[in-house]
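Me: I am new to this structure and would like a close look at a single part of it, one helix, together with what surrounds that helix. Please go slowly and explain each term when it comes up.

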Amino acid sequence: MTHASDTSETTDTSDTHMSDGNGFHGAGRAGDPARLDSPDGHARLSTEGLPAWLDPVARAAATVRPTQLSRFLPPESGAGRQSAVLVLFGEGASGPEMLLMERSGSLRSHAGQPSFPGGSLDPEDGDPLTDGPLRAALREAEEETGLDPRGVQLFGVLPKLFIPVSDFVVTPVLGWWRTPTPVGVVDPAETARVFTVPVSDLTDPRNRATTVHPSGHQGPAFLVESALVWGFTAGVIDRILHFAGWERPWDRTKQVPLDWRA
């Protein structure tokens, strides 16, 4: 399994435009989680029964344009390694939270870097233009964290993004952890730990910073749960907070340097 966790530059603009849903199947029965056992075999999205605090995220997913998320967009040729990540929201002791994992320190690339669960689409996941990313996001999350996908309601997708350094075309899939189940490290060779981060910690200005890579690239970062969340993962979180209206003013001059190994 491979992770789409490389650096991605984000833009900061607030105008929105209605999209057609990126070709994914529409909602299933009211209140159903993502259904992988539907009569036609498709995974589906549903916004029915979401907690009210997730409504801004669902609206943002339906309206945001790719260029409002990143300047790195998939090649028009269709080239690139199709992949998906699961952006999973739940409710914990400190309120709304997100699920993240930390890559093993022994991996050849992005060792120790926090990321969303996710990876490349497998042939059995299906069409990358329809429900393939939905299946892949749930499958990878189960393989990496032990998550039971039956407790997850998929409610939206963000536009596909591109990570040039690894040639990944990534679909962020949004999920609501309707029925939480135990999660943890499944394979220590790939994952060092699995953890949740309260959304209140992500929006806390004290936990926000700008990373500076020796190449000159700068991007948003979060210092939470004894981890530095940066790169693609931080970029997606940053844009979700912004377009959901959850972002609080923070000091963008606060910098965290990265080294060439990052």
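Reply: What follows looks closely at helix H2, after a few words on the whole chain and before a look at its surroundings.

This is a predicted model, in which local features need pLDDT of at least 70 and side-chain atom pairs count only at pLDDT 80 or more, while totals for chains, interfaces and linings use all residues. Residues are numbered from 1 along each chain as its sequence is written, and side-chain values use heavy atoms, with hydrogens and water left out.

The protein chain has four helices and 12 strands, where helices (H or I, at least four residues) and strands (E, at least two) are DSSP runs numbered from the N terminus. Of its 262 residues, 52% are buried; buried means under 20% relative accessible area, exposed means over 50%, and partly exposed lies in between, with a 1.4 Å probe and protein chains only. Contact means heavy atoms within 4.5 Å, and among contacts between residues at least 6 apart in sequence, 71% join residues at least 24 apart.

Helix H2 runs over residues 132-145, and its 14 residues should span 20 Å at 1.5 Å a residue, which agrees with the 20 Å between its end C-alpha atoms. The expected span is 1.5 Å times one less than the number of residues in the helix. H2 is mostly covered, since 11 of its 14 residues are buried. Those buried residues are Gly132, Pro133, Leu134, Ala136, Ala137, Leu138, Arg139, Glu140, Ala141, Glu144 and Thr145. What they pack against is a set of strands: S1 (81-92), S2 (95-103), S4 (118-120), S5 (152-157), S7 (168-177) and S8 (191-198). Just after the helix comes Gly146, whose phi is positive, near 80°.

One of the strands that H2 packs against, S7, holds Trp176. Trp176 is buried, because its relative accessible area is 10%. Leaving aside neighbours within four places in sequence, Trp176 is in contact with residues including Leu50, Trp53, Leu88, Phe89, Val152 and Phe155. The C-alpha atoms of Trp176 and Ser46 are separated by 10.0 Å, although these residues are 130 places apart along the chain. Asp167, in the loop between strand S6 (161-163) and S7, has a positive phi near 65° without being a glycine. Asp167 counts as partly exposed, because its relative accessible area is 33%.

The surroundings also include nonpolar cores, a nonpolar core being a set of buried Ala, Val, Leu, Ile, Met, Phe, Trp, Tyr and Cys residues joined through side-chain atoms within 4.5 Å. The largest has 39 residues, and those with the most contacts inside it are Val57, Val87, Phe89, Phe155 and Leu174. Helix H4 (residues 231-243) gives the most to this core, with seven residues. Apart from it lies another core, of 20 residues, among them Leu99, Ala141, Leu154 and Val173. Ala141 is also one of the buried residues of H2.

Helix H1 (residues 55-63) offers a second example, with Pro56, Val57, Ala58, Ala60, Ala61 and Thr63 buried. The cover over these residues of H1 includes S1, S5, S7 and H4. Val57, not counting residues up to four places away in sequence, touches Phe89, Phe155, Leu174, Ile240, Ala244 and Trp246.
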